[in-house]
Amino acid sequence: QVQLVESGGGLVQPGGSLRLSCAASGSIFSLYDMGWYRQVPGKQRELVACIFSIGSINYADSVKGRFTISRDNVENTVSLQMNSLKPEDTAVYYCKARGPRPISKTEYWGQGTQVTVSP
């Protein structure tokens with residue numbers, strides 16, 4: 001069982017930056033694939049970025065070059081540095097853990113944090 005708590009959301013102007021953090025507890029963090037997803041009302045939740053237990057990273061095309069995902073397996077955190085933010089980045093951002101790898105693909109979600117990009 002994994003518990004996830006996101007923080008760092010808020011209101012920012014276009015072109016600004018925010019850093020989201022997700023603190024994990026309850027299991028061996030390094031064995032979990034971690035990801036950030038986002039959702040706007042009326043749309044499906046979509047992948048923003050993920051960092052696997054083995055270290056590889058994927059980004060959605062819409063955030064490549066602007067967002068950076070990282071993890072700290074000592075502090076049990078995963079972060080999302082968001083630069084050059086656009087109004088279309090406005091959404092609730094969720095942290096997800098999947099694992100423990102490779103034996104399980106059980107998914108755990110945080111409660112979400114609101115990011116609003118507006119003048």
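**Exercise 1. Determine how many cavities of 30 Å³ or more the model holds, and describe the lining of the largest cavity.**

Solution. Start with the rule: on a 1 Å grid over the protein atoms alone, a cavity is a set of points where a 1.4 Å probe fits but cannot get out, and lining residues have an atom within 4 Å of a point. Grid points are joined across faces, edges and corners, and a volume is the space filled by probe spheres set on the points. Under this rule the count is one cavity of 30 Å³ or more, and the largest cavity holds about 30 Å³ of space. Next, list the lining, which consists of Val2, Ala24, Ser25, Gly26, Ser27, Phe29 and Tyr32. Finally, sort the lining by class, where Ala, Val, Leu, Ile, Met, Phe, Trp, Tyr, Cys and Pro count as nonpolar, Asp, Glu, Lys and Arg as charged, and the others, Gly among them, as polar; the result is four nonpolar, three polar and no charged residues.

The model is predicted, so that local features need pLDDT of at least 70 and side-chain atom pairs count only at pLDDT 80 or more, while totals for chains, interfaces and linings use all residues. Residues are numbered from 1 along each chain as its sequence is written, and side-chain values use heavy atoms, with hydrogens and water left out.

**Exercise 2. Work out which residues of strand S1 form its covered face, and where Ser7 stands relative to S3.**

Solution. Strands are DSSP runs (E, at least two residues), numbered from the N terminus. In S1, residues 3-7, the covered face carries Leu4 and Glu6, whereas Gln3, Val5 and Ser7 belong to the uncovered one. Two strands pair if DSSP finds at least two bridges between them, and S1 pairs with S3 (residues 18-25) in the antiparallel sense over five bridges. Within this pairing, Ser7 stands opposite Ser21.

**Exercise 3. Characterise the surroundings of Gln114 and of Asp89, and decide for each whether it is buried or partly exposed.**

Solution. Gln114 sits in strand S11, residues 113-117. Buried means under 20% relative accessible area, exposed over 50%, and partly exposed in between (1.4 Å probe, protein chains only); Gln114 is therefore partly exposed, because its relative accessible area is 39%. With contact taken as heavy atoms within 4.5 Å, and residues up to four places away in sequence not counted, Gln114 touches Gly9, Gly10, Thr90, Ala91 and Val92. Its side chain also makes a polar contact (N or O atoms within 3.5 Å, one able to donate a hydrogen and the other to accept it, with sequence-adjacent residues counting only if both atoms are side-chain atoms) with the side chain of Thr116, at 3.3 Å.

Asp89, placed in the loop between S8 and S9, counts as buried because its relative accessibility is 1%. Leaving aside neighbours within four places in sequence, Asp89 is in contact with Arg38, Arg66, Phe67, Ser84, Val115 and Val117, and a polar atom of the Asp89 side chain lies 2.8 Å from the backbone nitrogen of Lys86.

**Exercise 4. Locate the cis peptide bond from Gly99 to Pro100 and the positive phi of Asn76.**

Solution. Most residues other than glycine have a negative phi, and most peptide bonds are trans. The bond from Gly99 to Pro100 is cis, with omega near 5 degrees, and Pro100 lies in the loop between strands S9 (91-98) and S10 (107-109). Asn76 has a positive phi of about 60 degrees and belongs to the loop between S7 (67-72) and S8 (77-82).

Technical notes. 1 Å grid on protein atoms, 1.4 Å probe; cavity = no way out; pocket = protein on both sides within 12 Å on 5 of 7 lines; lining within 4 Å. Helix = DSSP H or I, 4+ residues; strand = E, 2+ residues; numbered from the N terminus.
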